[in-house]
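Visitor: Could you take me on a close look at one part of this model, the sheet and the helices that pack around it? I'd like one connected story, and please tell me how that part sits within the whole chain.

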Amino acid sequence: MQRRLLFGITGGIAAYKAPLIIREFQKRNVTVKPVVTSHGFQFVTAATLAALTGGPVYSDMFEQQGEYPHLELPRWAHALLVAPATANCLAKFAWGVADDLLSTLFVALKKPAILAPAMNHDMWVSDSVQHNVRLLEDRGARIAPPGTGYLACVEQGVGRMADIETIVEQTMQVLDRSGALEGRRVLVTAGATRESIDPVRFITNWSSGKMGFAVAAAMARRGARVTLVSGHTTLVPAHDIEFVRVTSAQDMFEAVTVRAADMDVIVKAAAVADYTPAARQEHKIKKSGGGMTLELTRTKDILKHLGENKRPGQILVGFSAETRDLLENAAAKIKKKNLDMIVCNDVSAKDAGFGVDTNRVALLWPAGKAAAPDHCEKGSFGGVKVVYEQCELMSKTLVAERVADRVTDMLSASAR
Ligand SMILES: Cc1cc2nc3c(=O)[nH]c(=O)nc-3n(C[C@H](O)[C@H](O)[C@H](O)COP(=O)(O)O)c2cc1C
């Protein structure tokens, strides 16, 4: 497939490496269209870029009257790479400022973006730059982190643009999967269910919905038509995601099962109550002198139901929130619920699980059926044979990207 890349070049000294980056993409059969800021031209010339790409170099939004380059270019591309990305460009991207061609097309961009920041160390560690990088990462931009070394200003420290090889490799991975889920239907669940005791009280859990929302966004970025069924959360989904709000475990069961048959992929990241009050009181329960016993009954097991009714080729992914025996419990769940993959996380850790922005997960597949990457390990937990990938501590957005990558690979493997 001919891959199409928009290549943003901003006004940092590392822009002198842009022609070398273009050469690498050409070797890999990627068509590159450069978009350069006016300050970018202080460091690289239009003549060099035009000679290398054999096409126009974009910079001025108003060059051709009657044309809309800020809309047409992002529609044309499979992805956007910005290298170097200045502090100024990160700030504009993070806050939706649209005052030149590059920043305006970023606002309109619905494709993945890879940003390679490069700047002086003091600028890189500043609160504003770090805050903007986090905002952009939370919205799904892939950051190629700067490395340590001699900076152009003859100082040392972190801020030097990532190596060309790393940038190109990361961009190729994104390009290979960009649009990979086009035509696919994906259902994701998120958030916490609420089980009513009486008109003013309910039972719930600590789920914030962040993980499921991030998975839904990652799937949508790969071109899937996404339906997000969510229990309670304060988050707002992207407008191109169909959003279904539910309250109780029973509502979630109904909303999911009625849609399940149409889906190519179902990812269950919601924290659904296992138990619900046996009877919801019509009026507020009044306090009395003694204690109180609340009778609970089991809710329907949505994941098990989906596993039992899975149609051929459909991919079912579960999440398991555990506080001990993580891999054993996750492996047991894979088997019991007929899952294709499970994302297992330790919700007892301070920096992972409920409410925080980071997660430390392991991905598990049933042995034999896995389209798992080569670096995965094989293991047997509680008598269940699995292949698993232990991931480092990552932002929930990056965990979601990893889940979407693995699902994409599973779909391509089953299509072969
Ligand atoms: C010699 C020189 C080198 C610069 N290098 C960088 C840099 O590496 N990173 C950065 O964020 N800004 C750098 N700047 C500052 C930017 O050029 C400046 O913030 C500019 O407004 C960025 O515009 P742009 O983001 O639209 O390209 C440099 C400025 C000069 C004078």
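**The first sheet and its surroundings**

Guide: Let's start with a single pair: Gly8 sits across from Val35, a residue of S2. Keep in mind as we go that this is a predicted model. That pair belongs to a neighbourhood where S1 and S2 run parallel, joined by 7 bridges.

Zoom out a little and you get the whole sheet. Its 5 strands are ordered S2-S1-S3-S4-S5, the pairing is parallel, and the sheet is open. S2 is one edge strand and S5 (142-143) is the other, each with pairing on one side only.

Now for the helices, beginning with H3, which spans residues 69-76. Its buried residues are Pro69, His70, Leu73 and Pro74. Looking down the axis of H3, you'd see these buried residues fall within an arc of 120°, so they line one face of the helix. What lies over them? The cover for the buried residues of H3 includes strand S1 (3-9), strand S2 (30-36) and helix H5 (101-108). So we're back at the two strands we began with, S1 and S2, which are joined by 7 parallel bridges.

H3 also carries Glu72, and that one has a different story. Is Glu72 buried or partly exposed? Glu72 has 13 other C-beta atoms within 10 Å, so it counts as partly exposed; being buried would take 20 or more. While you're at Glu72, hop over to Leu109: the two are 37 residues apart in sequence, yet their C-alpha atoms are 9.9 Å apart in space.

H5 is the next stop, and it's mostly covered, with 6 of its 8 residues buried. The buried ones are Leu101, Leu102, Ser103, Thr104, Leu105 and Phe106. They pack against S1, S2, H3 and H4, so H3 and H5 turn up in each other's surroundings.

H4 is a handy bridge to the ligand. This helix, residues 87-95, gives 3 residues to the shell around the ligand, the largest share. Which residues come nearest to the ligand? Of the 16 around it, they are Thr10, Gly11, Gly12, Thr86 and Met119. By class, the shell has 8 nonpolar and 8 polar residues, and no charged ones.

How does all this fit into the chain? The domain assignment splits it into domain 1 (3-177) and domain 2 (185-415). The C-alpha centres of the two domains are 35 Å apart. As for contacts between them, 5 residues of domain 1 touch 8 of domain 2. On the domain 1 side, those residues comprise 3 charged, 1 polar and 1 nonpolar.

For a quick look at domain 2, try strand S8, residues 185-190. Because 5 of its 6 residues are buried, S8 is largely enclosed by the rest of the structure. S8 has parallel pairing with S11 (residues 225-230) over 6 bridges, and there Thr189 faces Val229 of S11. S8 is also joined to S13 (residues 265-268) by 4 bridges, again running parallel, with Val188 opposite Val267 in S13.

Notes
Residues are numbered from 1 along each chain as its sequence is written. This is a predicted model: local features need pLDDT of at least 70, side-chain atom pairs count only at pLDDT 80 or more; totals for chains, interfaces and linings use all residues. Domain bounds come from an automatic or database domain assignment. Two residues are in contact if their C-beta atoms, placed from the backbone, lie within 7 Å. Ala, Val, Leu, Ile, Met, Phe, Trp, Tyr, Cys and Pro count as nonpolar, Asp, Glu, Lys and Arg as charged, and the others, Gly among them, as polar. A residue is near a molecule or strand if its C-beta atom, placed from the backbone, lies within 6 Å of it. A residue is buried if 20 or more other C-beta atoms lie within 10 Å of its own, exposed if 12 or fewer, and partly exposed in between; C-beta atoms are placed from the backbone. The arc is that of the directions from the helix axis to the C-beta atoms. Two strands pair if DSSP finds at least two bridges between them.
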